[in-house]
Amino acid sequence: MMRIILLGPPGSGKGTQASLLEEKLGVPKIATGDLFRDAVRRRTPLGLKVKEIMERGELVSDGLTGQLIKEKITQPECHGGYILDGFPRNLNQVKYLEMIDSSRLEVVIDLDVEEEEIIQRLSARRVCPQCQAVYNIILKPPKKDNKCDNCQADLITRDDDRPEVIRKRLQVYRRETQPLIDYYQKKGNYKRIKGTRSVEEVFKEIWEWLSPYLANSGLRAGK
Ligand code: AP5
């Protein structure tokens with residue numbers, strides 16, 4: 001039973017690829033950013049605590065993030081495997097994950113995208129506040145202007161996709177998350193994938209690399 005970790009800077013396509021993997025493998029994607037944004041929208045106690053931190057582009061504390069992850073990965077739906085998008089994000093979170101769920105085969109996909117492209121992508125990103133679908137007004141526009149294809153809700157720009165916050169998020173990524181690349185490279189089962197090709201091409205390469213692991217893990221397409 002496997003966990004798939006998607007690493008990569010903001011806007012590298014982690015969420016996009018995690019959703020495709022979720023659909024193909026039938027195991028849950030756990031995206032800490034989506035969970036926090038949902039809490040902010042519903043104004044829960046967690047949401048009230050993290051709102052300003054996220055708007056500044058900083059990381060939520062390891063304590064709150066760890067608690068959220070533990071609640072999710074201990075659910076029965078995750079027993080057969082899960083996909084992590086946006087967690088872990090620093091070495092403390094790596095150690096915590098290994099402590100609470102140590103017995104799984106773990107594979108890490110690191111999406112590599114240059115900063116210039118990231119800034120372009122995030123400035124053009126629009127998201128659906130209801131179903132979390134992600135669009136890009138240049139590369140993947142919705143069928144109807146500013147309306148979600150799935151649920152017709154008005155699309156929004158994320159609060160942290162403002163240029164100054166994108167720059168801050170990149171800074172935080174370089175400082176906190178980049179060291180994980182070295183860690184997972186040494187640990188093994190790690191693959192760096194060029195994230196600048198089309199969504200389909202990136203997914204194809206991910207799928208080809210994953211296939212031998214899937215064969216050994218009990219997971220397979222359309223499970
Ligand atoms: P989070 O939501 O995880 O944001 P992020 O890591 O900055 O990543 P993004 O969601 O911005 O980008 P992505 O890589 O998923 O790309 P996407 O597929 O959307 O976190 C937000 C905040 O929550 C953090 O700043 C922090 O405050 C908090 N947080 C979350 N996790 C935390 C943790 N573990 N610890 C502490 N705090 C935490 O794609 C981006 C755009 O590009 C889209 O428009 C998409 O359509 C487009 N696109 C995707 N793929 C391609 C492609 N191949 N070609 C062209 N365009 C593409």
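Biologist: Which helix gives the most residues to the shell around the ligand?

Modeller: Helix 2 does, with four residues. Helices here are DSSP runs of H or I with at least four residues, and strands are runs of E with at least two, numbered from the N terminus. This is a predicted model, where local features need pLDDT of at least 70, side-chain atom pairs count only at pLDDT 80 or more, and totals for chains, interfaces and linings use all residues. Residues are numbered from 1 along each chain as its sequence is written, and side-chain values use heavy atoms, with hydrogens and water left out.

Biologist: What makes the pair of Thr32 and the ligand a polar contact?

Modeller: A polar contact is a pair of N or O atoms within 3.5 Å. A polar side-chain atom of Thr32 is 2.8 Å from a ligand nitrogen atom, so the pair fits that definition. Likewise, Arg37 has a polar side-chain atom 2.9 Å from an oxygen atom of the ligand, and a polar backbone atom of Arg197 lies 2.8 Å from a ligand nitrogen.

Biologist: How much of the ligand does the protein bury?

Modeller: The protein buries 95% of the 1000 Å² that the ligand exposes when taken alone; areas come from the Shrake-Rupley method with a 1.4 Å probe.

Biologist: Why is Ile138 called exposed?

Modeller: Exposed means over 50% relative accessible area, buried under 20%, and partly exposed in between. Ile138 has 64% relative accessibility, so Ile138 counts as exposed. Ile138 sits in the loop between strand 6 (134-136) and helix 7 (163-177).

Definitions and conventions: Buried means under 20% relative accessible area, exposed over 50%, partly exposed in between (1.4 Å probe, protein chains only). A polar contact is a pair of N or O atoms within 3.5 Å; within protein, one must be able to donate a hydrogen and the other to accept it, and residues adjacent in sequence count only if both atoms are side-chain atoms.
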